[in-house]
Amino acid sequence: MRYHMMRFDIWVCLLIGFVVSFGVEALATKVLTEKYEEHKAEHVMEAGVVGGEATEDTFRAENINDLLSHDTFTVVSEGIKYQNEGGGFYGGMYLSSLELPSGERVAARINGNAVKREGGSIYSGEAVLPVGRVVKEDLASSETFLSQIEHRDKLSRKDFYIDMVGDAAIQSEESFIEAPAVLIQLATVAVVFAITHYAGSQLGLFPAFYTRKRKAEEKRSDWD
């Protein structure tokens, strides 16, 4: 078996690139963290609007007819039952299986940051869910989604879901900060490597990558 080892100059340039990239990555993470806080602040919804906390005036829906007959509403759920009944991914959204007070079950996209607790503990008290609205959607078109959300109980209706997020949707911290920071770090390694090796080859410290190609071209030109 033949082993190939990278040249010393390549190791040196890569090492320099990684050292520089750690500093750039730390700076990028700091900037992106500040931007993420701004991103979250921009998506905090006012009480009473879709995705925001329900107010005393927000209609409390008891069944599917209530949902369909009101533009906006809220639903009161027991303890943490609203997030403990499973769910599934549909169109890039996570929809929870939500049981209404009537016992009927629908799919709901819930902003967990706008849930209000009333009385008792998180297990025995009531959770007033964010303000929501009905969104018409053919959920039955995705067998994968139905297999996820209906692994315990069937949905009563599959032609709509409840949107309790609205404009409050925010990116995850990982997708907003970590992924871009890693890409910036890798790009920094590549750029610093190219610049360092080029400068070193010009100063005669490193052999150029295309020396043989240049010499071959010079020989051909001599014969022409």
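Here are four short exercises, each with a worked solution, on the predicted model shown above.

Before you start, note that residues are numbered from 1 along each chain as its sequence is written, and that side-chain values use heavy atoms, with hydrogens and water left out. Local features need pLDDT of at least 70 and side-chain atom pairs count only at pLDDT 80 or more, while totals for chains, interfaces and linings use all residues.

**Exercise 1. The sheet**

Work out the order of the 5 strands in the open sheet, and find which strands stand at the edges.

Step 1. Strands and helices here are DSSP runs (E, at least two residues, for strands; H or I, at least four, for helices), numbered from the N terminus. Two strands pair if DSSP finds at least two bridges between them.

Step 2. Reading across the sheet gives E2-E3-E4-E8-E7, with mixed pairing.

Step 3. Strand E2 (87–90) and strand E7 (133–136) each have a single partner strand, so one side of each is left without a neighbour in the sheet. These two are the edge strands.

Step 4. From one strand to the next, the twist averages 40°. Angles of this kind run from 0 to 180 degrees between N-to-C directions, with axes fitted to C-alpha atoms.

Step 5. Now look at one pairing: E4 (residues 105–110) and E8 (residues 160–164) run in the parallel sense, over 3 bridges. Ile-110 has Met-164 in E8 as its bridge partner.

**Exercise 2. Salt bridges**

Find how many salt bridges the rule gives, and where the partners of three of them lie on the scale from buried to exposed.

Step 1. The rule asks for a side-chain nitrogen of Lys or Arg within 4 Å of a carboxyl oxygen of Asp or Glu. The count comes to 8.

Step 2. Asp-163 pairs with Arg-133, with the closest N and O atoms 3.5 Å apart. Asp-163 is in strand E8 and Arg-133 in strand E7, so this pair ties together parts that are 30 residues apart in sequence.

Step 3. For burial, use relative accessible area: under 20% is buried, over 50% is exposed, and in between is partly exposed (1.4 Å probe, protein chains only). Asp-163 is buried because its value is 5%, whereas Arg-133, at 36%, is partly exposed.

Step 4. Glu-150 and Lys-158 meet at 3.3 Å, N to O. Glu-150 is buried at 11%, and Lys-158 is partly exposed at 29%.

Step 5. Asp-159 and Arg-157 meet at 2.9 Å, N to O. Asp-159 is partly exposed at 31%, and so is Arg-157 at 27%.

Step 6. Salt bridges with shared partners also join Lys-81, Glu-85, Glu-99, Arg-105 and Asp-153 into one network.

**Exercise 3. A nonpolar patch**

Name the residues of the nonpolar patch on the surface, and say which helix gives the most to the patch.

Step 1. Patch residues have over 30% relative accessible area and no salt bridge; nonpolar side chains (Val, Leu, Ile, Met, Phe, Trp, Tyr) are joined within 5 Å, like charges within 9 Å.

Step 2. The members are Ile-16, Val-20, Val-24 and Ile-184, together offering about 250 Å² of accessible area.

Step 3. Helix H1 (residues 8–42) gives the most, with 3 residues. Ile-16 sits in helix H1 and is partly exposed at 36%.

**Exercise 4. A serine in a helix**

Decide whether Ser-201 is buried or exposed, and locate its backbone contact.

Step 1. Ser-201 belongs to helix H4 (residues 173–202).

Step 2. Its relative accessibility is 18%, so Ser-201 counts as buried.

Step 3. A polar atom of the Ser-201 side chain lies 2.7 Å from the backbone oxygen of Tyr-198.

Technical notes:
Areas by Shrake-Rupley, 256 points an atom, 1.4 Å probe, with all protein chains shown as cover. Polar contact = N/O pair within 3.5 Å; in protein donor to acceptor, adjacent residues only side chain to side chain.
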